[in-house]
Amino acid sequence: MVDMKAKPFYLTDEDCKWVEDTIADMTLDEKIGQLFFNMGSSREESYLKMTVQDYHIGGIRYNPGTAEEVYEQNRILQENSKIPLIIACNTENGGDGACVDGTMIGSQTKIAATGNVDYAYQLGYMANKEAAAIGCNLSFAPVSDIMYNWENPVIGLRTYGNDPKRVAEMAKAYMDGAHANPGFCCAAKHFPGDGLDFRDQHVANSVNTLSCEEWDNTFGMVYQTLIDNGLDAIMAGHIMQPAYARHFNPKLTDEEMMPATLSPELIQGLLREKLGFNGMILTDASHMVGLTCRMKRSDALPCAIAAGVDMFLFFNEMDEDFASMKQGYLDGRITQERLDDALRRILALKAHMGLSKKDKKEITPDKGQMKNVIGCTAHLDMQKEITDHAITLVKYKDKNVLPITPERYKRIMIVYVKGLSAPGLASVFGASKANPAKELQERLIKKGFDAFIYESPMEQMMKKMEAGEKPDLNLYFAGKTPIKEFRENQDLILTLVDIAGGFQPVARPAFGMTKGGGEIPWYVFELPVVVVSVQYPFVLADIPQARTYINAYDSKPVTLDALVDKLMTGEGAFKGKDPVGAFCGLFDTQL
């Protein structure tokens, strides 16, 4: 049974009475609706009113719109809902996870590269100050996963690194920063922990393969730290943890093994009993194959709640999913005790947020705050400060390459390398929308360099084809330019790798084979070569011959400004430390 007066809720007698009275006053349909965390698909007022009035949803999350759009959406939702809503956002990196004009403070890996725990606190505080200003009250963060496998396709830059102690300290600092915004809460993810498997639960099974003892000392330590310090909610991932599942149920067969979202062993046994978590638990997105491949959807909905999860994320078809969840209660798979327990945790979280004490029209903050907070100078200054301390010179074998000045290297060829990953997903989940190669070229020219962007043979062929000209196939299949001529045409090569963190399979550099594909850096002993990754931090696995390699973590204008300044200043200007193991555990990346 939930103790609503205990951590993390700390409810008063008055708050507890509101929870119990609200439950007593609810119809069965209203109780079932509270179990759903909807993924909003429209901001039309009629749709918003329908979701709260017809389906009685307990929470909602939207993809970011403008601050104005999200604010208005949240206002309509709260003013028309019988019970106040949990309104979530993905502020992992900054306020841009709540609204598109919010401030991207810095990815978790970028924060980790600074080694400064206070920056994690500022990320949590500033990101969610912007989110709160537009009416959000819960962050699906911090990401509390540990990067143990560089081939993991999910985590990318969404981790505080490969050191459990650092992950625990920075995840806690993020949470503390978020909590500094009154009534704002956190849902850490992805329990029982990602970062080990090379597969992606969006499209396949995923397994945390640690022994119980190993888990206790790593992911368990991270979650225990957060729980002990007041973590409000946890997002259960579609990730199996066989060691602990069998610890709590020795008779469990391989076929019966379930991801955490469907596993009473992991939710009730590991999370509730062993770790003592008293807060609210929700599933990760329910369209992911890590869930759907385990059973029929109509069974998965009630099974998740029966296993001990409190809220189900998200609807597929609203009528169908609602009916499946309700049927699970009517036929006894969701017991009355389990339903009441889930409702108490959901409503206790809302009371903990202070929502029960506010009039519907007061829940969404005064709109005037929004314009003073979103993209404010203090947040932009923090973005710049973090960037200065984060950019990392990972590998530096040719000690005489830096600094890069026009006097030493007048002619710079920029080789822009984009990635190959699952079709379309990279552009949605993190790939640069602008062309950082062009932006870098502009900055270098302003500094006095003759900088130009290399065009691969494939790009030249496609340009001719688009112009209606017959392509010269020999251009692509012919041998390379004479080395002497190649050396005489430029003084330095700057290879810029722009690969999103990836969905399965892990994105890989597309050298020359696609439009936008760059030249394979075969010439590292012919000319000075600097390789810079502006996203994915594990590029050395594909370019082990790189002798000077830099992780910049993103390609924001402030980052490219700092990168150019550091390149022109020299080795001592790089302050970041590699937090993820960028050499990928491969011997040749260190040659």
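**Close-up 1. The largest cavity in this predicted model has a volume of about 60 Å³.** Just one cavity of 30 Å³ or more turns up in the structure. In general, such empty space shows up when a probe the size of a water molecule is rolled over the atoms. Here, 15 residues line the largest cavity, and Y62, V70, A88, A98 and C136 are the ones that lie nearest its centre. Sorted by class, the lining comes out as nine nonpolar, four polar and two charged residues. Which elements each supply at least two residues of that lining? They are strand β2 (59-61), helix α4 (67-80) and strand β3 (86-89).

**Close-up 2. A131 sits in helix α6, which covers residues 117-133.** Buried or exposed? A131 counts as buried, because its relative accessibility is 0%. Setting aside neighbours within four places in sequence, the contacts of A131 are C89, T91, A98, C136 and F184. Two of those names, A98 and C136, may ring a bell from the cavity view, where they are among the residues nearest the centre. Look for I374 as well: it is 243 residues away from A131 in sequence, yet the two C-alpha atoms are 8.6 Å apart in space.

**Close-up 3. Eight strands line up in an open sheet with parallel pairing.** Reading across, the order goes β7-β6-β5-β4-β3-β2-β1-β8. Which strands are at the edges? Those are β7 (280-283) and β8 (312-313), each of which pairs on one side only. Now zoom in on one pair: β5 (residues 185-191) runs parallel to β6 (residues 233-236), and three bridges join them. For F191, the bridge partner in β6 is A236.

**Close-up 4. D310 is found in the loop that links α13 (297-306) to β8.** With a relative accessible area of 0%, D310 is buried. What does its side chain make a polar contact with? The partner is the side chain of R272, at 3.0 Å. Not counting residues up to four places away in sequence, D310 touches quite a list: L35, R272, G279, M280, I281, I305, R338, D341, A342, R345 and I346. M280 and I281 in that list fall within the span of edge strand β7 (280-283).

**Close-up 5. Two peptide bonds here are cis: K7 to P8 and L313 to F314.** Most peptide bonds are trans, which is why bonds like these catch the eye. The bond from K7 to P8 has an omega near 5°, and P8 belongs to the segment before α1 (13-24). For the bond from L313 to F314, omega is also near 5°. F314 lies in the loop between β8 and α14 (318-330).

**Close-up 6. Y10 and C584 each have a positive phi without being glycine.** Most residues other than glycine have a negative phi. Y10, in the segment before α1, has a phi near 55°. C584, in the segment after α24 (557-569), has a phi near 65°. Which of the two is buried and which is exposed? Y10 is exposed, since its relative accessible area is 53% and the exposed class begins over 50%. C584 is buried, because its 9% falls under the 20% limit.

Notes
Residues are numbered from 1 along each chain as its sequence is written. This is a predicted model: local features need pLDDT of at least 70, side-chain atom pairs count only at pLDDT 80 or more; totals for chains, interfaces and linings use all residues. Side-chain values use heavy atoms; hydrogens and water are left out. Two strands pair if DSSP finds at least two bridges between them. Helices (H or I, at least four residues) and strands (E, at least two) are DSSP runs, numbered from the N terminus. Buried means under 20% relative accessible area, exposed over 50%, partly exposed in between (1.4 Å probe, protein chains only). Contact means heavy atoms within 4.5 Å. A polar contact is a pair of N or O atoms within 3.5 Å; within protein, one must be able to donate a hydrogen and the other to accept it, and residues adjacent in sequence count only if both atoms are side-chain atoms. On a 1 Å grid over the protein atoms alone, a cavity is a set of points where a 1.4 Å probe fits but cannot get out, and a pocket is an open set with protein on both sides within 12 Å along at least five of seven lines; lining residues have an atom within 4 Å of a point. Grid points are joined across faces, edges and corners, and a volume is the space filled by probe spheres set on the points. Ala, Val, Leu, Ile, Met, Phe, Trp, Tyr, Cys and Pro count as nonpolar, Asp, Glu, Lys and Arg as charged, and the others, Gly among them, as polar.
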